[in-house]
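Got the viewer open? Here's a short walk through the model, one selection at a time.

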Amino acid sequence: MNTFLLAAEEGGIEVGVHHQWHVFGLTFNADTIISTLIAAAIIVGIALYLAWRATSGVPSGLQLTFETITEQIEQQVEDQIGIKTAPFVVPLAVTLFVFILIANWISIVPHAWEEFIRPPTADVNLTFAMAFFVIILVHVTGIRALGARKYFGHFLKPYPVMLPLEIMTEIAKPFTLSLRLFGNILAGGVMVAVLGLLLPDVIAWAPIVLWKLFDLFVGVIQAFIFALLTIIYFGFAIGGQEEEGAH
């Protein structure tokens, strides 16, 4: 493991090390900010294009792709919560999925550009920010939908003795949600760096290209998992308890 990490560092990727800007005593990870802005610009561009070219007739491939994504997420939300119960969960999950997907796919940029353009999801600061945002919103939504007494009361079920375990589970959620995404995307970048270091330049391009193509697949899976877990957490907070009350 030490040899692997040393090779990664020599290849230009160090865990937790970023090109930084220092402004008014604050430190900003430049590569994460640049890559996040690129991902956001791509999403805004796609949204504007779809708004301009959307049609009720024969859809374009891009429109069909987004309609398919939205339909699948709507189905997941309906199964877990019910769209009418929390209508904002669908656009939230779609936005998270598309943003994380584009952010992950930035890994396909040429290796020479990776000093300033890396997948922003390979920075734990971004994945933590997204995870804590989701978990806080889940709790706020649960309290608003059920009332504080009923919402916090479910942590005492089925037995009050389970309360410490329930609290530990809630504390762990943002960490597992963020570190799963961070670890998988960072590992892809580390592997590219190791391949570039260990193999001669004349042949290194082939396994690097193949690994980057594999990273595209991993990027889809990780984006899907993050969005799905977001829906499931809202389901735990709202859906299951509302069904309890209905009986």
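One term before we start: a crossing is right-handed if the near helix is turned clockwise from the far one by less than a right angle, and left-handed if anticlockwise. Keep in mind, too, that this is a predicted model.

**Colour by confidence.** The mean pLDDT of the chain is 81, and 82% of its residues reach 70 or more. Now select residues 1–8: pLDDT stays under 50 there, and the model has nine contacts beyond four places in sequence for this stretch. Residues 242–247 also stay under 50, with five such contacts.

**Select H2 and H4.** Put that definition to use here: H2 (residues 30–53) passes H4 (residues 89–105) in a right-handed crossing. Their axes come within 9 Å and cross at roughly 125°, so H2 and H4 count as oblique to each other. Show side chains and you'll find Thr-36, Ala-39, Ile-42 and Ile-43 of H2 against Val-98, Phe-99, Ile-102 and Ala-103 of H4. By class, the residues of this contact are seven nonpolar, one polar and no charged.

**Keep H4, add H3.** Helix H3 covers residues 61–80, and its axis lies 9 Å from that of H4, at an angle of about 130°. That makes H3 oblique to H4, and the crossing of H3 and H4 is right-handed. Which residues meet here? On the H3 side, pick Phe-66, Ile-69, Thr-70, Ile-73, Glu-74 and Val-77; on the H4 side, Val-89, Val-90, Ala-93, Val-94, Phe-97 and Val-98. The contact of H3 with H4 has 10 nonpolar residues, one polar and one charged.

**Swap H4 for H2.** With H2 and H3 on screen, look for axes 10 Å apart and an angle of about 110°. Angles of 65 to 115 degrees count as roughly perpendicular, and H2 and H3 are therefore roughly perpendicular to each other. Ile-46, Tyr-49, Leu-50 and Arg-53 in H2 meet Leu-62, Gln-63 and Phe-66 in H3. The tally for the contact of H2 with H3 is five nonpolar, one polar and one charged.

**Last stop: H5.** A search of the whole structure finds nine aromatic pairs. One to zoom in on is Phe-128 with Phe-132: the ring centres are 6.0 Å apart and the planes sit at 40°, so the pair is tilted. Both residues lie in helix H5 (residues 124–146), four residues apart, which is about one turn of the helix.

Definitions and conventions. Residues are numbered from 1 along each chain as its sequence is written. This is a predicted model: local features need pLDDT of at least 70, side-chain atom pairs count only at pLDDT 80 or more; totals for chains, interfaces and linings use all residues. Side-chain values use heavy atoms; hydrogens and water are left out. pLDDT is the predictor's confidence in each residue, from 0 to 100. Contact means heavy atoms within 4.5 Å. Axes are lines fitted to C-alpha atoms, for helices over the stretch in contact, and angles run from 0 to 180 degrees between N-to-C directions. Helices (H or I, at least four residues) and strands (E, at least two) are DSSP runs, numbered from the N terminus. Angles under 35 degrees count as roughly parallel, over 145 as roughly antiparallel, 65 to 115 as roughly perpendicular and the rest as oblique. Ala, Val, Leu, Ile, Met, Phe, Trp, Tyr, Cys and Pro count as nonpolar, Asp, Glu, Lys and Arg as charged, and the others, Gly among them, as polar. Rings of Phe, Tyr and Trp (its six-membered ring) pair if their centres lie within 6.5 Å; planes under 30 degrees apart count as stacked, over 60 as edge-to-face and the rest as tilted.
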